[in-house]
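The following exercises are worked on a single chain. Each task is followed by a solution in steps.

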Amino acid sequence: MQTLDSPSLPSVSSSDVTEPKLQTPNPKPSSPSPSVIRLWRPAAQRNLRNQWSKLVPLKQQWVSASSSGRSHATFLVNAHLSERYMPAMNLGVLSDMPNIREKAIQKLAQQQKLHRVRLLSSYKDMVVVVSHMVNVSSSMRSFVKGPTSSPFVQFSSHSEENNDNGDGGGIPVFKFCSIPYFESLAKELVQMFGLELILKRMLLVELLPINCEESPQQTDALSWSNELYPGEFDDLTACNLYSEQTCEPVPPRINGWKSDDQITKRANVRPDQKALEVYLTTWLQEVKIDTLRVDEIFAIVGEEMQMRLV
């Protein structure tokens, strides 16, 4: 019997619209006055620093949850393979012990159940991380709160007036970069982690049902359209990873596959040892997250803000 070891995007455009005289369209955002800009910039700087500071621990939480998930997936696979091959395994002198094979199989089944629960918990932690990343990426603008003529101009994270888009008219917040640019970098991060989350979900759909006692006809009990835990679809909706058109999570994006390819349709075959090893390797590699690009993004932002983001 063999066991498996843990294998070691942005531009902003605008357009003017010719308005009919009898219509009352939303007013076009106006450029803030110099006096408002002087007050807006420090508020915007504080908000951006706060939001990007939140992304750093979220990245670390992802690393921790992904590593934990990989460990539980490895234990799950090893216990499954041991149980699968136990009936034909040569136990040597242990063969004379009463019911030793049955007890070993029972023990391995209990281990699989435990690591399924822990693997699913790690996945749920990653969903929470991506959900928080989405919230942070959409909270980088600072809007004027109340009348600008007030001696104490206040700012909030949401607009109270239609003519305030919260970006200071596109001016640089620190030295060179505007708020839309910071937003584009944050959304690039969110996209990478979101795509990786969906890929890991596809692996879970394959890993969670494995059981040597199941027949090949029963291995499709868990499908892409099933919730892996109660409330998962609500969480994925918050991450923009659930399609209301298909009423299921968005499918993983794999290079070379067309959008209509059924990549989430499970084969009616129990995965063999080589396939399980590929699943573990795929989990480890995190192919949808460009680590160098992630580090580059944090370095760009940190340099612009004159703060260390690690």
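**Exercise 1**

In which helix is Ser66 found? Determine whether Ser66 is buried or exposed, and list what Ser66 touches beyond its neighbours in sequence.

Solution. The model is a predicted one.

Step 1. Ser66 lies in helix H1, which covers residues 34–85.

Step 2. The relative accessibility of Ser66 is 4%. Buried means under 20%, so Ser66 counts as buried.

Step 3. Leaving out residues up to four places away in sequence, Ser66 touches Met126, Lys200, Trp283 and Glu286. Two of these names return in Exercise 3, where Lys200 of H3 and Trp283 of H5 take part in a helix contact. Glu286 returns in Exercise 5, with a positive phi.

**Exercise 2**

Assign Ser82 to an element, state whether Ser82 is buried or exposed, and give its distance to Leu108 in sequence and in space.

Solution.

Step 1. Ser82 is placed in helix H1.

Step 2. With a relative accessible area of 10%, Ser82 is buried.

Step 3. Ser82 and Leu108 are separated by 26 residues in sequence, and their C-alpha atoms are 7.3 Å apart in space.

**Exercise 3**

Describe how H3 packs against H5: angle, axis distance, handedness and contact residues.

Solution. A pair of packed helices is described by the angle between the axes and by the distance between them.

Step 1. Helix H3 spans residues 179–207 and helix H5 spans residues 273–285; their axes are 10 Å apart and the packing angle is about 155 degrees.

Step 2. Angles over 145 degrees count as roughly antiparallel, so H3 is roughly antiparallel to H5.

Step 3. The crossing of H3 past H5 is left-handed.

Step 4. From H3, the contact is made by Glu196, Leu199, Lys200, Leu203, Leu204, Glu206 and Leu207. From H5, the residues are Leu276, Tyr279, Thr282 and Trp283.

Step 5. Sorted by class, the contact of H3 with H5 has 7 nonpolar, 1 polar and 3 charged residues.

**Exercise 4**

Repeat the analysis for H3 and H6, then place Gly194 and Asp295.

Solution.

Step 1. The axes of H3 and H6 cross at roughly 155 degrees and come within 11 Å. That makes H3 roughly antiparallel to H6.

Step 2. H3 and H6 cross in a left-handed sense.

Step 3. H3 contributes Tyr181, Phe182, Leu185, Glu188, Leu189, Met192 and Phe193 to the contact. H6 contributes Arg293, Val294, Ile297, Phe298, Ile300, Val301, Glu304 and Met305.

Step 4. By class, the contact of H3 with H6 has 12 nonpolar, no polar and 3 charged residues.

Step 5. Gly194 is found in H3 and is buried, with a relative accessible area of 4%. Not counting residues up to four places away in sequence, Gly194 touches Val130 and Leu241. Gly194 and Met133 are 61 residues apart in sequence, with a C-alpha to C-alpha distance of 9.4 Å.

Step 6. Asp295 belongs to helix H6. Its relative accessible area is 40%, so Asp295 is partly exposed. Asp295 and Val310 are 15 residues apart in sequence and 8.6 Å apart in space, taken from C-alpha to C-alpha.

**Exercise 5**

What sign does phi have at Asn240 and at Glu286? Locate both residues and state whether each is buried or exposed.

Solution. Most residues other than glycine have a negative phi.

Step 1. Asn240 is not a glycine, yet has a positive phi of about 60 degrees. Glu286 is not a glycine either, and has a positive phi of about 50 degrees.

Step 2. Asn240 sits in the loop between helix H4 (232–238) and strand S3 (242–243). Glu286 sits in the loop between H5 and helix H6 (291–305).

Step 3. Asn240 counts as exposed at 59% relative accessibility, whereas Glu286 is buried at 16%.

**Exercise 6**

Summarise the chain as a whole: how many helices and strands are there, and how much area is exposed?

Solution.

Step 1. The chain has 6 helices and 4 strands, in the order α-α-β-β-α-α-β-β-α-α along the sequence.

Step 2. Of its 310 residues, 42% count as buried.

Step 3. The chain exposes about 17,900 Å², and 51% of this is supplied by carbon and sulfur atoms.

Key: Residues are numbered from 1 along each chain as its sequence is written. This is a predicted model: local features need pLDDT of at least 70, side-chain atom pairs count only at pLDDT 80 or more; totals for chains, interfaces and linings use all residues. Side-chain values use heavy atoms; hydrogens and water are left out. Helices (H or I, at least four residues) and strands (E, at least two) are DSSP runs, numbered from the N terminus. Buried means under 20% relative accessible area, exposed over 50%, partly exposed in between (1.4 Å probe, protein chains only). Accessible areas come from the Shrake-Rupley method with a 1.4 Å probe; for residues, only the protein chains shown count as cover. Axes are lines fitted to C-alpha atoms, for helices over the stretch in contact, and angles run from 0 to 180 degrees between N-to-C directions. Angles under 35 degrees count as roughly parallel, over 145 as roughly antiparallel, 65 to 115 as roughly perpendicular and the rest as oblique. A crossing is left-handed if the near helix is turned anticlockwise from the far one by less than a right angle, and right-handed if clockwise. Contact means heavy atoms within 4.5 Å. Ala, Val, Leu, Ile, Met, Phe, Trp, Tyr, Cys and Pro count as nonpolar, Asp, Glu, Lys and Arg as charged, and the others, Gly among them, as polar.
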